[in-house]
Amino acid sequence: TRPTLKQLYTKQGDTSLLDYAHSVLKQGRVSSVLASVLRTEIMRIYHDETLADRAVQYLHGAQYVSSVDHHGVLSHPAFIQAHIAQAVANKKNGYDSVLVFSSASISLDNHTFPRGVSFHDDDGEVKLPLFSSREKQGSVCGMRAPEPRALQKVLEGLAWKLPAQCAAAYARAFDDARHTKNLSDFCTRVNETVFRAFPRMQDTSLIMIPHEQISAGIIATSLEIQSYIFNEGFLDAYDMSFRNVTGAHNDDGTHGTFLFWYIEDTKRMRVYRDGTFLRNESGMFRIAYEQTTIVPLLDSGILIPCLAFSYALIGAEGVTLGGGFNQIDYLDTIYSADGKTRDAVGVARPLYGTADHMGGDMMYASVQKDDARFPATFLDLLAHVDASEETAFFDTLDTVTLRDAIDGVIPDAYFTDTGIHIDTYDTPIIL
């Protein structure tokens, strides 16, 4: 069941998608800690003060970040179509940035295909991988950057299958990211470059940074957070308050992880609590839960905050996070668990960001191929929204409703007392 989605669908379903994207702006607050961490990450990845200034200005002004996407090269329809709509709303409000705190602890075989790029031709879906199938169990946050030969093969596939502007855009992006060492930074740089290739987005920066890196930065730099999470009673309080919360740990340790994921040989490994120590399943990795031990491991990427802990830390900085179908229901549960943890250790509760805004899991454009219709990926949009289609595409965004966009992912999601009734639905924009 998704009670928050039902309420959103019922009360705001007739709102235009652009009005809905506009409504979330300036609804939160932003701490100086979060702004500083964001600036530090952008400078580390881009070495571009202008880009960092624009992003921090947007963060302070809009007070909103999408948290719906999986970290990878732009592709999945339910994410990228939402980013484009948000970019249009932001531009109308004078902002030239879109911020996304994506999830990088996913494996390369995730259904959103972070292992490469995808699009559709006359034969259906085409996937061009950046990594071999032998590496698909690795996690995005633990992977090296793609090899030059893999990049060349992707460019050859794009040149063979799609209009010339697609291969040209990705060639520029791959060249821009050529000095990155890991997949996470590679995707961040590539996405900013290829997004500018989309019509009317030449002056808009899509900055996608994993939320795990942002929350790790908060831990490393915030004295207030350090005094909270390294408090003597924190482990017991967190253990009880976050148990069975989405993105945390469960009763018997069979799902989720305790506070962090441990990265070993590119794969994420579950972490268990062992008194005042943290360990992996085999016990070969065992460390004291102390600031002097944890912070360096976060800096090196050996430990990454789990989803629940990460969102709790970011949400406590006041920014509104825009999630998907599930997140808009479980995010408030995460904030509640964090509040209980703070109560138990005698730390004041912060004013958390808004928890019920949808930043993705919505779609309004599809590609027609003979009798079949496919959700439009970023490459589909880049290939088909040309000069002849551009005006119609963006004009339609003013009339697409939130219900239309939700139905594009959950077709005709009629909410009843017994659940959600699914039927078929035609997206408003058919390319």
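# Pockets, rings and turns: how the labels are earned

Tutor: Around the second largest pocket of this predicted model there are 24 lining residues, and Arg 44, Gln 213, Leu 298, Asp 299 and Gly 301 are the ones nearest its centre. Helix 3 (32-46), helix 8 (183-195), helix 9, helix 12 (291-300) and strand 11 (303-305) each give two or more residues to this lining.

Student: What makes up the largest share of the lining of the second largest pocket?

Tutor: Helix 9 does, with six residues. The pocket has a volume of about 530 Å³, and its lining divides into 10 nonpolar, nine polar and five charged residues.

Student: How much space lies in the largest pocket?

Tutor: About 660 Å³. Thirty residues line the largest pocket, with His 70, Ser 103, Ile 106, Leu 307 and Tyr 330 closest to its centre. Two or more lining residues come from each of helix 5 (77-92), helix 9 (211-221), helix 13 (307-315) and helix 14 (327-345). By class, the lining holds 11 nonpolar, 15 polar and four charged residues.

Student: How many cavities of 30 Å³ or more does the structure hold?

Tutor: Two. What makes a space a cavity is that a 1.4 Å probe fits but cannot get out, whereas a pocket is open. The largest cavity has a volume of about 110 Å³. Asp 69, His 70, Val 73, Ser 75 and His 76 are the closest to its centre among 15 lining residues. The second largest cavity has a volume of about 60 Å³; its lining includes Leu 17, Tyr 20, His 357 and Met 362. Helix 2 (17-23), helix 5 and strand 13 (357-358) each give two or more residues to that lining.

Student: How many charged residues are in the lining of the second largest cavity?

Tutor: None: the lining has seven nonpolar and three polar residues. In the largest cavity, the lining has seven nonpolar, seven polar and one charged residues.

Student: Let's move to aromatic rings. How many aromatic pairs does a search of the whole structure find?

Tutor: The search finds 19 aromatic pairs. Tyr 170 and Phe 174 are one of them, with ring centres 6.0 Å apart and planes at 75°.

Student: Why is the pair of Tyr 170 and Phe 174 called edge-to-face?

Tutor: Take it in two steps. Rings pair if their centres lie within 6.5 Å, and planes over 60 degrees apart count as edge-to-face. The centres of Tyr 170 and Phe 174 are 6.0 Å apart and the planes meet at 75°, so both tests are passed and the pair is edge-to-face.

Student: What separates Tyr 170 and Phe 174 in helix 7?

Tutor: About one helical turn, because the two residues are four apart in helix 7 (residues 164-176).

Student: Why does Tyr 170 count as buried?

Tutor: Buried means under 20% relative accessible area. Tyr 170 is at 0%, so the label fits. Phe 174 has 5%, so Phe 174 is buried too. Phe 393 and Phe 394 form an edge-to-face pair as well, at 5.1 Å centre to centre with 85° between the planes. Both Phe 393 and Phe 394 are buried.

Student: Which residues do ring pairs link into a cluster?

Tutor: Among them are Tyr 228, Phe 230, Phe 234, Tyr 238 and Phe 309. Tyr 228 also has Arg 342 over its face, at 4.3 Å from the ring centre.

Student: What sits over the ring of Trp 261?

Tutor: The charged end of Arg 268, 3.8 Å from the ring centre. The distance cut-off for a charge over a ring is 6 Å, so 3.8 Å for Arg 268 falls within it.

Student: What makes strand 14 mostly covered?

Tutor: Four of its five residues are buried. Strand 14 (residues 365-369) pairs with strand 15 (residues 372-375) in the antiparallel sense, over four bridges. Ser 366 has Pro 375 in strand 15 as its bridge partner. The two strands form a hairpin with two residues between them, and Asp 370 in the turn has a positive phi of about 55°.

Student: Where is Asp 361, and is Asp 361 buried or exposed?

Tutor: Asp 361 lies in the loop between strand 13 and strand 14. Its relative accessible area is 17%, which is under 20%, so Asp 361 counts as buried. Its phi is near 55°, a positive value in a residue other than glycine.

Student: Why is Thr 266 called partly exposed?

Tutor: Partly exposed covers the range between 20% and 50%. Thr 266 has 26%, so the label follows. Thr 266 is in the loop between strand 6 (260-264) and strand 7 (267-270), and its phi is near 75°.

Key: Residues are numbered from 1 along each chain as its sequence is written. This is a predicted model: local features need pLDDT of at least 70, side-chain atom pairs count only at pLDDT 80 or more; totals for chains, interfaces and linings use all residues. Side-chain values use heavy atoms; hydrogens and water are left out. On a 1 Å grid over the protein atoms alone, a cavity is a set of points where a 1.4 Å probe fits but cannot get out, and a pocket is an open set with protein on both sides within 12 Å along at least five of seven lines; lining residues have an atom within 4 Å of a point. Grid points are joined across faces, edges and corners, and a volume is the space filled by probe spheres set on the points. Ala, Val, Leu, Ile, Met, Phe, Trp, Tyr, Cys and Pro count as nonpolar, Asp, Glu, Lys and Arg as charged, and the others, Gly among them, as polar. Rings of Phe, Tyr and Trp (its six-membered ring) pair if their centres lie within 6.5 Å; planes under 30 degrees apart count as stacked, over 60 as edge-to-face and the rest as tilted. Buried means under 20% relative accessible area, exposed over 50%, partly exposed in between (1.4 Å probe, protein chains only). A charge sits over a ring if NZ of Lys or CZ of Arg is within 6 Å of the ring centre and within 35 degrees of the ring normal. Two strands pair if DSSP finds at least two bridges between them.
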